[in-house]
Amino acid sequence: MQTSNLYILVFRGRDYIKIGKADDIHARIAVLQRIWGPVDYDASYCLQAPVAVVRQVEGGLLSLLAQFAVSVMEGDGKTELRAMPALSIALQYLEIYCASMPELGGLKMGVALPPSPQKNARRRVRRDRLLRKSMCMTRSISDIAHRFGRINRLLTLLHRRQERIPFEYERRGDQICFRVRRPNSVSSLDSESSAIMSYFSFQIEDQYGWGGFNFCSVAGSADVVQFNVNLPSPGVKEWDAVINYFVAQSMAFLERLPTRSAAAKESVPPLNW
């Protein structure tokens, strides 16, 4: 249920009060103070209630206290100004009204001061920090999905070209040794091997911090390139479900491959396995 605020504002050094309603009482006071002078927050009153109740009570109070209306120059809310003697009558009226509706919680003396600029600034800093962390988390998930997408495309390519690309792999527990025989002598750090190895390098950032993980190493000898892949587990409990999901999807692609391709007429020997 939407609520609003009925207020009775007492102004410092003035002989009148202001009766009105506002959803954001601090924003309303900021406007009124520029016209009618500084508000005495401690001496003012506030009643929070459903919007319909606030409208009803405000109308009843202003009608009841019509004889106390003050003649002032033009200004926002001038028709809701009442001479100071009206305050005691208004409080008696509200005391009786609230007694008949205990669910309202009663009229409160004193209006809380608005948040200081420094406090607002600190809130903005915290909000911006949370927003940045949220964006970092989203980018991390997007990057993980992108890298696993590359892995899956690579496995699909090997499946399609198994008649032409000689490869062989074994899995032992959470480790996979994947070997490819190349037509020429290779280096473990050639550009193509390095690019594939980068598919298994992840950076994760969220509200808990940042972490980097690499799950693949590469070695080369003669015409064989070997990729040693440790099935990833980031060691961060909050990310386990995300990583495990993508790993399961990629394992489904891997399991469609023969452990030795048709193009590998002879076994592709492991390097330091």
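These legends accompany close-up views of a predicted model.

**View 1. A stacked pair of phenylalanine rings joins strands S6 and S7.**
Aromatic pairs are a good place to start, and a search of the whole structure finds 9 of them. In the pair shown here, the ring centres of phenylalanine 167 and phenylalanine 178 are 5.4 Å apart and the planes meet at 25°, so the two rings are stacked. Phenylalanine 167 belongs to strand S6 (residues 167–172) and phenylalanine 178 to strand S7 (residues 175–181), with the two positions 11 residues apart in the numbering. Phenylalanine 167 is buried, at a relative accessible area of 0%. Phenylalanine 178 counts as buried too, with 9% relative accessibility.

**View 2. Five aromatic residues form a cluster.**
Here you can follow ring pairs from residue to residue: they link Phe148, Phe202, Phe215, Tyr245 and Phe246 into a cluster.

**View 3. An arginine sits over an aromatic face.**
This view turns to a charge and a ring. Arginine 256 lies over the face of phenylalanine 253, and the distance to the ring centre is 5.1 Å.

**View 4. Helix H2 has a buried side and a face with exposed residues.**
Helix H2 runs over residues 51–64, which makes 14 residues. From its first C-alpha to its last, H2 reaches 20 Å, close to the 20 Å expected at 1.5 Å a residue. Which residues of H2 are buried? They are Val51, Val53, Val54, Val57, Glu58, Leu61 and Leu62. These residues cover an arc of only 155° around the axis, so they lie on the same side of H2. The face turned away from that buried side carries Ala52, Arg55, Gln56 and Ser63, which are exposed. As for partners, the buried residues of H2 pack against strands S1 (3–10), S2 (16–22), S3 (45–50) and S4 (81–83), and against helix H3 (86–100).

**View 5. Helix H3 packs its buried residues against H2 and four strands.**
The 15 residues of H3 should span 21 Å at 1.5 Å a residue, and the 22 Å between its end C-alpha atoms agrees with that. Buried in H3 are Ala86, Leu87, Ala90, Leu94, Tyr97 and Cys98. They cover an arc of only 95° around the axis, which puts them on the same side of H3. Glu95, Ile96, Ala99 and Ser100 are exposed on the other side of the helix. The buried residues of H3 pack against S1, S2, S3 and S4 as well as H2.

**View 6. Cysteine 177 and cysteine 216 are buried but not bonded.**
How many disulfides does a search of the whole structure find? The search finds 0. Cysteine 177 is in no disulfide, and the nearest cysteine sulfur, in cysteine 216, is 10 Å away. Why is cysteine 216 not bonded to cysteine 177? The 10 Å between the two sulfurs is too far for a bond, since a disulfide needs sulfur atoms within 2.5 Å. Both residues are buried, cysteine 177 with a relative accessible area of 0% and cysteine 216 with 4%.

**View 7. Glycine 13 and alanine 222 lie in loops between strands.**
Glycine 13 has its place in the loop between S1 and S2. At 80% relative accessibility, glycine 13 counts as exposed. Its C-alpha is 8.6 Å from that of glycine 37, a residue 24 positions away along the chain. Alanine 222 is found in the loop between strand S10 (216–221) and strand S11 (224–230). Its phi is near 55°, a positive value in a residue other than glycine. Most residues other than glycine have a negative phi.

**View 8. Tyrosine 199 is a buried loop residue.**
Tyrosine 199 is in the loop between helix H5 (191–198) and strand S8 (201–206). Is this tyrosine buried or exposed? With a relative accessible area of 17%, tyrosine 199 is buried, as the limit for buried is under 20%. Leaving aside residues up to four places away in sequence, tyrosine 199 touches Arg147, Arg150, Ile151 and Leu154. The C-alpha atoms of tyrosine 199 and lysine 21 are separated by 61 Å, and the two residues are 178 residues apart along the chain.

**View 9. Alanine 66 is partly exposed in the loop between H2 and S4.**
Alanine 66 counts as partly exposed, at 43% relative accessibility. Leucine 130 is 64 residues away along the chain, and its C-alpha is 51 Å from that of alanine 66.

Definitions and conventions. Residues are numbered from 1 along each chain as its sequence is written. This is a predicted model: local features need pLDDT of at least 70, side-chain atom pairs count only at pLDDT 80 or more; totals for chains, interfaces and linings use all residues. Side-chain values use heavy atoms; hydrogens and water are left out. Rings of Phe, Tyr and Trp (its six-membered ring) pair if their centres lie within 6.5 Å; planes under 30 degrees apart count as stacked, over 60 as edge-to-face and the rest as tilted. Buried means under 20% relative accessible area, exposed over 50%, partly exposed in between (1.4 Å probe, protein chains only). A charge sits over a ring if NZ of Lys or CZ of Arg is within 6 Å of the ring centre and within 35 degrees of the ring normal. The expected span of a helix is 1.5 Å times one less than its number of residues. The arc is that of the directions from the helix axis to the C-beta atoms. Contact means heavy atoms within 4.5 Å.
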